[in-house]
Amino acid sequence: GGLKVQMPMNVKIIIHEKTHFGGWSKEFSENISSVPALFGSEEEFQEIGSIRVIGGVWVAYDKERYKGRQYLLEEGDYEDRHSWGGTDSVLLSFRFLQSDFIESSVALFQSDDEDGKALDIVNEEIPDLEQAGFGPETRSILVRSGVWVAYQQKYFCGEQYVLEKGKYKCFFDWGGSSKIIMSIRPIKLVSY
């Protein structure tokens, strides 16, 4: 288990038109703010059917310019939209995550002032924040290092929010629709 990256600096992703890597394909190694803009006038963009992540950790969004619902894509093959947790929405933008991935530290706060109830987590997965004595509502988040993924439901289910280094003052900042966060885990660097 857990979220892992082997080649965080060697970023490359290939998107395919059809499931199981069929149809046209496009390969890129940089952030793409608009997938439809990659296509010329003779080619009409419909959807992405499958994805192959060669290197790095990527976040795909169902809206252009890195907005909307977030889907974390680790290195590996995603033969259809169910394999990346997709619904009926089309993926319209992609960006890769830059971090050291070595040490991961985050603080979750339940009140606006940082003297209130907080939970400090270092290099650890928390599948149930309520069981850990925190939650279900998170007011703000401070990511000190690494990249974390927070989830709306327990056991790393439901909507996911990718959290990079920095301060998130409210759920709008992390792309959520409410203050509810029920589980959280870091992305770890692995070497084989």
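## A sheet in the first domain's strands

In this predicted model, His16 stands opposite Ser25, a residue of strand β3. The partner strands here are β2 (residues 12-18) and β3, which pair in the antiparallel sense over 5 bridges. If pairing is new to you, here is the basic idea: strands of a sheet pair through backbone hydrogen bonds, either parallel or antiparallel.

Now step back to the sheet that holds these two strands. Its 4 strands form an open sheet in the order β3-β2-β4-β7, with antiparallel pairing. Which strands are at the edges? They are β3 (22-28) and β7 (76-78), and each of them pairs on one side only. From one strand to the next, the twist averages 15°.

## Another open sheet

Further along the chain, look for the strand order β10-β9-β11-β14, which is an open sheet of 4 strands with antiparallel pairing. Here the edge strands are β10 (118-122) and β14 (166-168), each pairing on one side only. Neighbouring strands of this sheet are turned by 15° against each other on average, with direction ignored.

Inside this sheet, strand β9 (residues 105-109) and strand β11 (residues 140-145) are joined by 5 bridges in the antiparallel sense. You can find one pair of facing residues by locating Phe109, which stands opposite Ser140 in β11.

## Strands β12, β13 and β15

Strand β12 (residues 148-153) is a good one to follow with your finger. To β13 it is joined by 5 bridges, and the two strands run antiparallel. Ala150 stands opposite Tyr161 in β13. The hairpin of β12 and β13 has 3 residues between the strands, and in this hairpin Tyr155 takes a positive phi near 55°.

β12 also pairs with strand β15 (residues 183-189), in the antiparallel sense and over 4 bridges. There, Val149 has Arg185 in β15 as its bridge partner.

## Salt bridges

Side chains of opposite charge can pair when their charged atoms come close. How many salt bridges does a search of the whole structure find? The search finds 10.

One to look at is the salt bridge of Arg95 with Glu164, where the closest N and O atoms are 2.7 Å apart. Arg95 lies in strand β8 (residues 93-96) and Glu164 in the loop between β13 (157-163) and β14, so this pair ties together parts that are 69 residues apart in sequence.

## The largest pocket

Rolling a probe the size of a water molecule over the atoms shows where empty space is left. The largest pocket has a volume of about 180 Å³. Its lining is made of 13 residues, and those nearest its centre are Tyr66, Gln70, Asp173, Trp174 and Gly175. By class, the lining has 6 nonpolar, 3 polar and 4 charged residues. Strand β6 (residues 67-73) gives the most to this lining, with 3 residues.

Why does the largest pocket lie between domain 1 (4-97) and domain 2 (105-189)? Both domains give residues to its lining, so the pocket lies between them.

## The second largest pocket

The second largest pocket holds about 150 Å³ of space. Among the residues that line it are Leu3, Leu72, Trp84, Tyr151 and Arg185. Arg185 is a residue you have already met, as the bridge partner of Val149. The lining divides into 5 nonpolar, 3 polar and 2 charged residues. Domain 1 (4-97) and domain 2 (105-189) each supply at least three residues to the lining of this second largest pocket.

Notes. Residues are numbered from 1 along each chain as its sequence is written. This is a predicted model: local features need pLDDT of at least 70, side-chain atom pairs count only at pLDDT 80 or more; totals for chains, interfaces and linings use all residues. Side-chain values use heavy atoms; hydrogens and water are left out. On a 1 Å grid over the protein atoms alone, a cavity is a set of points where a 1.4 Å probe fits but cannot get out, and a pocket is an open set with protein on both sides within 12 Å along at least five of seven lines; lining residues have an atom within 4 Å of a point. Grid points are joined across faces, edges and corners, and a volume is the space filled by probe spheres set on the points. Ala, Val, Leu, Ile, Met, Phe, Trp, Tyr, Cys and Pro count as nonpolar, Asp, Glu, Lys and Arg as charged, and the others, Gly among them, as polar. Domain bounds come from an automatic or database domain assignment. Two strands pair if DSSP finds at least two bridges between them. Axes are lines fitted to C-alpha atoms, for helices over the stretch in contact, and angles run from 0 to 180 degrees between N-to-C directions. A salt bridge is a side-chain nitrogen of Lys or Arg within 4 Å of a carboxyl oxygen of Asp or Glu.
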